[in-house]
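Here are a few friendly notes to read alongside the structure. Take the points one at a time and find each place in the viewer as you go.

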Amino acid sequence: MKIQSVEAVPIAASFRSTFRFGTTDRTTSPNVVVVVRTEDGVTGYGEACPVPAFTSETQASIVELVESRVAPVLVGKDPERRLPLLDELGRALRFAPFTTAAVDTALLDLLGRALGVPVHVLLGGGYRERTEVHGSVGWDADAGKVADTAREQAASYRWLKLYAGRGELDADLDRLAAVRDAVGPDIGLFVDVNGMWTPSDLVRALPRVEEIGLRMLEQPLPPAAADFQRRLVGELRVDVAADESVRTVTDAAAVARDRTATVVNLGHSKLGGPTAALHAAHIALGAGLEVMVGSVIEMELATAMGLHLAAALPRLAYPSYLMGPLKYRERLTEEPLEVIDGHVAVPQGPGLGVTVDERELARLDARRSS
Ligand SMILES: [Mg+2]
């Protein structure tokens, strides 16, 4: 088997409504679909979903990197040597995690299709056939609006992810309390602070975090305040997930060593691909930490990859952020993503197990002049 071509298709994608978190307002998503083809007609797809909060990569830079750095490394090579090829790729692509993630995914998809097995089999086999997902309630200044969205989502999910850190601290905590009042005591709530609290904010917030019944704080402090976060973890008053502080496998090892979190959020996009994410997962689990599967709100291809990753992990501390496609107006695959009973099924077909709609992909190509 030999790789014949590697192509990058920039996608014009948009969200159904503005999604606010951290310091970011997202309405569009400059995703790129990476297409790897072999000489004997097998195709693999991956998706890059660059988010400025995590990477300096852009849609244009990803296309450029795939054409000028990735294709020269991969064309003519045997995709069955996936890890050696990724090592080689690592020398051509420095600090381009979202690009690398798309290529890693496309190689896994290609290989799975060629061998007739789903990607989670290539990752070691599935521990589960479906994974629980959580709802995600974007930040809004209007507490009533946040509570309404949470109430709507509580009909579909047992867990909701909320956001804080953007507003004034007490107002943010009031919004979180309004959500608890709206959804009642049985819905699990956790909050992503995107590293925007100071240690003083955390000291002030903690009693109300407990009173509201927030089960977990995701990245409450910036990576630079890791020592304070370590002390919070030492008190074991609330579960703490590391997200922005784990952007590489080496970062995961540091969190495991320094005990700055109880849970590691494994987004395969930010970590530079499912291979790195799995490596980070094994380090975290081996050190006695828990893991969860995050994302950067991805379309069907990256989401399918996340589902296979989640399937291949022995334990998941929290539901996964794998309902991103529901936030998009556009769809890349013939199969829609379905949340049933708060869960999404892990695709069981070969490769990613989803079917790219080639006509739709051509229509969404951002290079089209129309
Ligand atoms: Mg996060």
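1. Start with the area buried between domain 1 and domain 2: it comes to about 3500 Å², and carbon and sulfur atoms give 62% of that. Keep in mind that the model you are looking at is predicted. On the domain 1 side, F19, E47 and F54 are worth finding, as they supply 21% of the area that domain 1 buries against domain 2, more than any other three residues.

2. Where do domain 1 and domain 2 lie in the sequence? The domain assignment gives domain 1 as 3-118 + 356-369, and domain 2 as 122-345. Taken over C-alpha atoms, the centres of domain 1 and domain 2 are 24 Å apart. Their contact draws 44 residues from domain 1 and 40 residues from domain 2.

3. Charged pairs also appear here, with two salt bridges counted between domain 1 and domain 2. Elsewhere in your search, look for R20 and D140, whose side chains meet in a salt bridge at 3.6 Å, N to O.

4. Next, try strand 5, which covers residues 43-48. Are its residues buried or exposed? Six of the six are buried, so you can call the strand mostly covered. T43, Y45 and E47 point one way, while G44, G46 and A48 point the other way, and residues on both sides are buried. You have met E47 already, as one of the residues supplying area that domain 1 buries against domain 2.

5. Now look at the partner of strand 5. Strand 4 (residues 32-38) runs antiparallel to strand 5, and six bridges join the two. One place to check is V35, which stands opposite Y45 of strand 5. Strand 4 and strand 5 form a hairpin with four residues between them, and in the turn G41 has a positive phi of about 85 degrees.

6. Finally, which residues hold the magnesium ion as protein donors? They are D192 (OD), E218 (OE) and D243 (OD), at 2.1 to 2.2 Å from the ion. Along the sequence the donor residues follow the spacing D-x25-E-x24-D. The pair D192 and D243 links distant parts of the chain, 51 residues apart: D192 sits in strand 9 (residues 188-192), and D243 in the loop between strand 11 (239-242) and helix 9 (249-258).

7. Why do D192 and D243 count as buried? Buried means under 20% relative accessible area. D192 counts as buried because its relative accessible area is 2%, and D243 does so because its relative accessibility is 8%.

Conventions: Residues are numbered from 1 along each chain as its sequence is written. This is a predicted model: local features need pLDDT of at least 70, side-chain atom pairs count only at pLDDT 80 or more; totals for chains, interfaces and linings use all residues. Side-chain values use heavy atoms; hydrogens and water are left out. Buried means under 20% relative accessible area, exposed over 50%, partly exposed in between (1.4 Å probe, protein chains only). Two strands pair if DSSP finds at least two bridges between them. Donors are N, O and S atoms within 2.8 Å of the metal (3.2 Å for Na, K and Ca); water is not among the atoms, so sites may look incomplete. Domain bounds come from an automatic or database domain assignment. Contact means heavy atoms within 4.5 Å. Buried area is the accessible area (1.4 Å probe) that two parts lose on being put together, summed over both. A salt bridge is a side-chain nitrogen of Lys or Arg within 4 Å of a carboxyl oxygen of Asp or Glu.
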